Amino acid sequence: MFSQEIIDAIVAAANKEGWPASALLAVVECETSGKPFEVDGHTPTLLFERHKFYSELQEHEPSKLKAAIAKGLAIPKWSRNTQYKDQGTSSGRLSVIAKARAIDEEVANRAASWGLGQTMGFNAERLHYESATAMVDELSRGIAEQIDALVREIKSSHLDRYLVSKNWAAFAKGYNGAGYKQNKYDTRMAAADAQWARRLAGSDLHAKPGKAITLVYQTKLKELNYPIGKIDGDWGDLTTGATSAFQRREGLKITGHPNDETTEHLDKVNEPRAVTQERSESTVDDLKAAGSQTIEAATKGSTLTKVIVGAGALGGADQAGVLDQVQETVGKVQSAKAILDSIHDLAIGLKPYWWVGLIVVGFVMWRCYGDVIKARLADHQSGANIGR
């Protein structure tokens with residue numbers, strides 16, 4: 001049974017690669033029916049291959065082959081009668097892999113297929129994992145890692161062209177081996193693809209999380225010091241990143257999207273995330289160096305105010321009484337409306353002194369840009385905003 005979380009993750013991966021989402025869902029359905037983990041909730045769904053244990057031991061640890069044969073864990077050729085006789089249940093599969101690992105962990109991991117895409121362990125190095133054991137550890141982390149392994153295998157085997165064209169015979173031959181017809185992988189995938197295509201066409205599985213759940217996540221994540229930008233009910237990149245950061249920090253499966261486990265955990269956590277010392281001690285110069293667009297724009301605006309004030313000064317602002325009135329006016333300004341009202345009042349009483357208006361506007365703008373810079377720095381230091 002596919003959870004919505006798995007469907008969303010597979011659809012997102014297919015869209016990223018430009019593949020038909022129904023086709024990638026069909027592959028996963030025929031491999032694992034959408035079950036990512038065994039009953040222990042940690043071990044990626046697996047299938048131990050006795051004939052592969054035989055050949056892998058023969059190649060890597062020949063001295064251990066005899067013991068594996070004696071325990072019935074290694075056979076020279078694939079056999080339907082003995083291959084999976086004790087792997088009909090999750091507990092049975094866990095028991096078999098434990099026995100094989102007792103003989104040799106790395107070789108046992110190489111001899112099994114893992115995760116949503118049933119990626120074979122002996123392909124680990126080709127898929128750029130350090131070892132089969134490292135690959136299994138990575139796949140144990142979550143759904144995203146398992147889908148990534150599936151995508152890696154399809155691309156490295158150059159099977160994506162068959163997936164896109166839905167040439168299931170060619171795809172199954174490359175993905176499942178020469179015996180794919182015996183298990184009807186091609187016809188099963190074709191049927192599953194057709195079902196998923198109809199299901200995807202009749203529903204909005206591509207939609208972002210709804211506004212209500214988005215507002216819940218954004219509000220709570222902001223309270224916990226995760227940068228989400230504005231609380232606007234729109235699930236964008238910042239909210240995805242903040243959710244992923246929360247899931248990583250709390251040891252949850254990293255998806256970047258809402259799910260029951262994350263929602264429940266989010267409700268329980270009340271302690272805000274600590275801001276790093278480096279962030280809390282940041283300066284305006286640090287934000288400039290980081291390329292903050294807000295700081296850059298405010299700095300340019302502040303420079304412009306100097307030009308405006310300079311132009312006003314050159315206009316003849318050397319009369320003490322007028323300058324005193326200007327200073328008093330600037331000191332009272334607290335809002336955009338106050339700016340307009342103050343300039344209007346000055347304009348009525350001081351028509352001959354056009355330069356006074358320039359000085360007032362310049363000083364007021366300077367103060368406003370300064371407030372923007374201070375607010376942006378405070379947001380950065382507190383971790384409340386990572387926008388630029």
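Visitor: How many residues does helix α14 have, and how far does it reach from its first C-alpha to its last?
Guide: This is a predicted model, by the way. Helix α14 covers residues 237-249, so to speak 13 residues, and reaches 18 Å from its first C-alpha to its last. That is close to the 18 Å expected at 1.5 Å a residue.

Visitor: Which residues of α14 are buried?
Guide: Thr239, Ala242, Thr243, Ser244, Phe246 and Gln247.

Visitor: And what do they pack against?
Guide: The buried residues of α14 pack against α13 (211-223) and α15 (260-268).

Visitor: Let's stay with α13. At what angle do α13 and α14 pack?
Guide: About 60°, with the axes 11 Å apart. The two helices are therefore oblique to each other, since an angle from 65 to 115 degrees would be needed for roughly perpendicular.

Visitor: Which residues make that contact?
Guide: On the α13 side, Tyr217, Gln218 and Leu221; on the α14 side, Thr239, Ala242, Thr243 and Phe246.

Visitor: What's the handedness of the crossing, left or right?
Guide: The crossing of α13 and α14 is left-handed.

Visitor: Zoom in on Thr243 for me. Buried or exposed?
Guide: Thr243, in helix α14, counts as buried at 1% relative accessibility, because buried means under 20%.

Visitor: What is Thr243 in contact with, leaving aside neighbours within four places in sequence?
Guide: Tyr217, Leu221, Trp235, Gly256 and His257. Tyr217 and Leu221 are also among the α13 residues that make the contact with α14.

Visitor: How about Thr214, where is that?
Guide: Thr214 is in helix α13 and counts as buried, at 0% relative accessibility. Leaving aside neighbours within four places in sequence, Thr214 contacts Pro209, Gly233, Asp234 and Trp235. Trp235 turns up in the contacts of Thr243 as well.

Visitor: Back to α14 for a second. What follows the helix?
Guide: Gly251, with a positive phi near 75°.

Visitor: OK, new topic: the sheet. What's the strand order?
Guide: It's an open sheet of 3 strands in the order β1-β2-β3, with antiparallel pairing. β1 (46-48) and β3 (119-120) stand at the edges with a single partner strand each, so one side of each has no neighbour in the sheet.

Visitor: How many bridges join β1 to β2?
Guide: 3 bridges, and β2 is residues 112-114. Phe48 stands opposite Ala112 in β2.

Visitor: Which helix lies across β1 and β2?
Guide: Helix α6 (residues 90-103), running at about 55° to β1.

Visitor: What about Gln118, where does that sit?
Guide: In the loop between β2 and β3. Gln118 counts as buried at 9% relative accessibility.

Visitor: Which residues does Gln118 contact, outside its neighbours within four places in sequence?
Guide: Glu31, Thr32, Thr45, Leu46, Leu47 and Ser113. Gln118 and Leu47 are 71 residues apart along the chain, yet their C-alpha atoms are separated by 7.8 Å.

Visitor: Glu31 and Thr32 belong to α2, right where I wanted to go next. How many residues of α2 are buried?
Guide: α2 is mostly covered, with 11 of its 12 residues buried. Glu31 and Thr32 are among them, along with residues including Leu24, Val28 and Cys30.

Visitor: What covers them?
Guide: The cover includes α1 (4-17), α9 (143-156), α10 (160-165), α11 (168-176) and α12 (185-201).

Visitor: What span should α2 have, and what are its end C-alpha atoms actually apart by?
Guide: Its 12 residues, 21-32, should span 16 Å at 1.5 Å a residue, and the end C-alpha atoms are 17 Å apart, which agrees. Just after α2, Ser33 takes a positive phi of about 60°.

Visitor: One more residue: Phe53. Which helix is that in?
Guide: Helix α3 (residues 50-60). Phe53 is buried, with a relative accessible area of 0%.

Visitor: What does Phe53 touch, not counting residues up to four places away in sequence?
Guide: Phe48, Ala68, Leu73, Ala74, Ala100, Ile103, Asp104, Val107, Ala108 and Ala111. Phe53 and Leu73 are 20 residues apart along the chain, with C-alpha atoms separated by 7.3 Å.

Visitor: And the whole protein, how many helices and strands?
Guide: 21 helices and 3 strands. Of the 388 residues, 41% count as buried. Among contacts between residues at least 6 apart in sequence, 63% join residues at least 24 apart.

Definitions and conventions. Residues are numbered from 1 along each chain as its sequence is written. This is a predicted model: local features need pLDDT of at least 70, side-chain atom pairs count only at pLDDT 80 or more; totals for chains, interfaces and linings use all residues. Side-chain values use heavy atoms; hydrogens and water are left out. Helices (H or I, at least four residues) and strands (E, at least two) are DSSP runs, numbered from the N terminus. Buried means under 20% relative accessible area, exposed over 50%, partly exposed in between (1.4 Å probe, protein chains only). Contact means heavy atoms within 4.5 Å. The expected span of a helix is 1.5 Å times one less than its number of residues. Two strands pair if DSSP finds at least two bridges between them. Axes are lines fitted to C-alpha atoms, for helices over the stretch in contact, and angles run from 0 to 180 degrees between N-to-C directions. Angles under 35 degrees count as roughly parallel, over 145 as roughly antiparallel, 65 to 115 as roughly perpendicular and the rest as oblique. A crossing is left-handed if the near helix is turned anticlockwise from the far one by less than a right angle, and right-handed if clockwise.
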